[in-house]
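Biologist: Could you take me on a close look at one part of this model, the last pair of strands and what sits around it? I'd like one connected walk-through rather than a list.

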Amino acid sequence: MHPVRQPVLAAGLTALATAATLGLAPGAAVAAPAASPSISVNWFGTADGRAHTATVGGRFDCGAERGLAYIEVHLDQRRGSVTGFGFGVIGACTDDRTAGTWTATIPADEGRFRPGPATTIARLVIEPNSLTETTEPVRLRPRCAHP
């Protein structure tokens, strides 16, 4: 066994004491970072040409945030020739409700949404100060008329 030099031993003990102070010692519990909110958009939505609307949906996760929550949705089809804006109502992110699904019906500003590709910008807003956004493609399918 080789003799250990005093400065090396002192440095090692100092590093160990610092790690223990920070909670990084072996076996110490390290708190996980707070989960961030997230939102996603389903691959498919529906276009209702008669009503000049499109309906899209997806999933949301509040993460560690709590408060009044809603979804803002911008829909763009055919490179801006048809656009619209709508809301999806969630209610609130609480300890009992931290994730779920959302749906929003978006009226066309001008023109009509038609079956085909579109781009969705969806924002999860959790009051008072949380905003999470995603931009995702969606394929609109024709809405089936119910008798």
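Modeller: Sure. A word on confidence before we zoom in: pLDDT is the predictor's confidence in each residue, from 0 to 100. This is a predicted model, and its chain has a mean pLDDT of 82, with 75% of the residues at 70 or more. The stretch to be wary of is residues 15–25, where pLDDT stays under 50. For that stretch the model has six contacts beyond four places in sequence.

Now the overall layout. The chain comes to one helix and eight strands, and along the sequence they read α-β-β-β-β-β-β-β-β. Of the 147 residues, 32% are buried. If you take the contacts with a separation of 6 or more, 67% of them are between residues 24 or more positions apart.

On to your part. Strand 7 covers residues 116–126 and strand 8 covers residues 130–142. The two form a hairpin with three residues between them. They run antiparallel, joined by 11 bridges. One place to see that pairing is Thr 119, which stands opposite Pro 137 in strand 8.

Let's start on the strand 7 side, with Pro 117. Pro 117 sits in strand 7 and is exposed, because its relative accessible area is 54%, where over 50% counts as exposed. Across the hairpin, the C-alpha atoms of Pro 117 and Leu 140 are 6.1 Å apart, although 23 residues separate the two along the chain. Setting aside neighbours within four places in sequence, Pro 117 touches Val 138 and Arg 139, and also Gln 77. Gln 77 belongs to strand 4 (67–77).

Now slide along to the start of strand 8, to Ser 130 and Thr 132. Ser 130 lies in strand 8 and is buried, with a relative accessible area of 9%. Beyond neighbours within four places in sequence, Ser 130 is in contact with Leu 124 and Val 125, as well as Pro 37 and Glu 65. Thr 132 lies in strand 8 too. Thr 132 counts as buried because its relative accessible area is 16%, under the 20% cut-off. With the neighbours within four places again left out, Thr 132 is in contact with Ala 122, Arg 123 and Leu 124, and with Pro 37, Ser 38 and Ile 39. So if you click on Pro 37, you'll find it listed for Ser 130 and for Thr 132.

Strand 8 has another partner besides strand 7. Strand 2 (residues 44–48) is joined to strand 8 by four bridges, and this time the two run parallel. Look at Phe 44 here: its bridge partner in strand 8 is Arg 139, a residue we already met as a contact of Pro 117. Phe 44 also has Arg 141 lying over the face of its ring, at 3.7 Å from the ring centre.

While you have the model open, step away from the hairpin for two more features. One is the disulfide; the count comes to one. Cys 62 and Cys 93 form it, with their sulfur atoms 1.9 Å apart. The pair links distant parts of the chain, 31 residues apart: Cys 62 is in the loop between strand 3 (53–61) and strand 4 (67–77), while Cys 93 is in strand 5 (residues 82–93). The torsion about the S-S bond is about -65 degrees, so the disulfide is left-handed. Cys 62 is buried, with a relative accessible area of 0%, and Cys 93 is buried as well, at 2%.

The other feature is aromatic. A search of the whole structure finds two aromatic pairs. In one of them, Phe 85 and Phe 87 have ring centres 5.0 Å apart and planes at 80 degrees, so the pair is edge-to-face. Phe 85 is partly exposed, with a relative accessible area of 33%, and Phe 87 is partly exposed at 46%. Ring pairs link these two and Tyr 70 into a cluster.

Back to your hairpin, then: strand 8 runs antiparallel to strand 7 and parallel to strand 2. If you want one residue to centre the view on, try Arg 139, which touches Pro 117 and is the bridge partner of Phe 44.

Key:
Residues are numbered from 1 along each chain as its sequence is written. This is a predicted model: local features need pLDDT of at least 70, side-chain atom pairs count only at pLDDT 80 or more; totals for chains, interfaces and linings use all residues. Side-chain values use heavy atoms; hydrogens and water are left out. Contact means heavy atoms within 4.5 Å. Buried means under 20% relative accessible area, exposed over 50%, partly exposed in between (1.4 Å probe, protein chains only). A disulfide is a pair of cysteine sulfur atoms within 2.5 Å. Rings of Phe, Tyr and Trp (its six-membered ring) pair if their centres lie within 6.5 Å; planes under 30 degrees apart count as stacked, over 60 as edge-to-face and the rest as tilted. A charge sits over a ring if NZ of Lys or CZ of Arg is within 6 Å of the ring centre and within 35 degrees of the ring normal. Two strands pair if DSSP finds at least two bridges between them.
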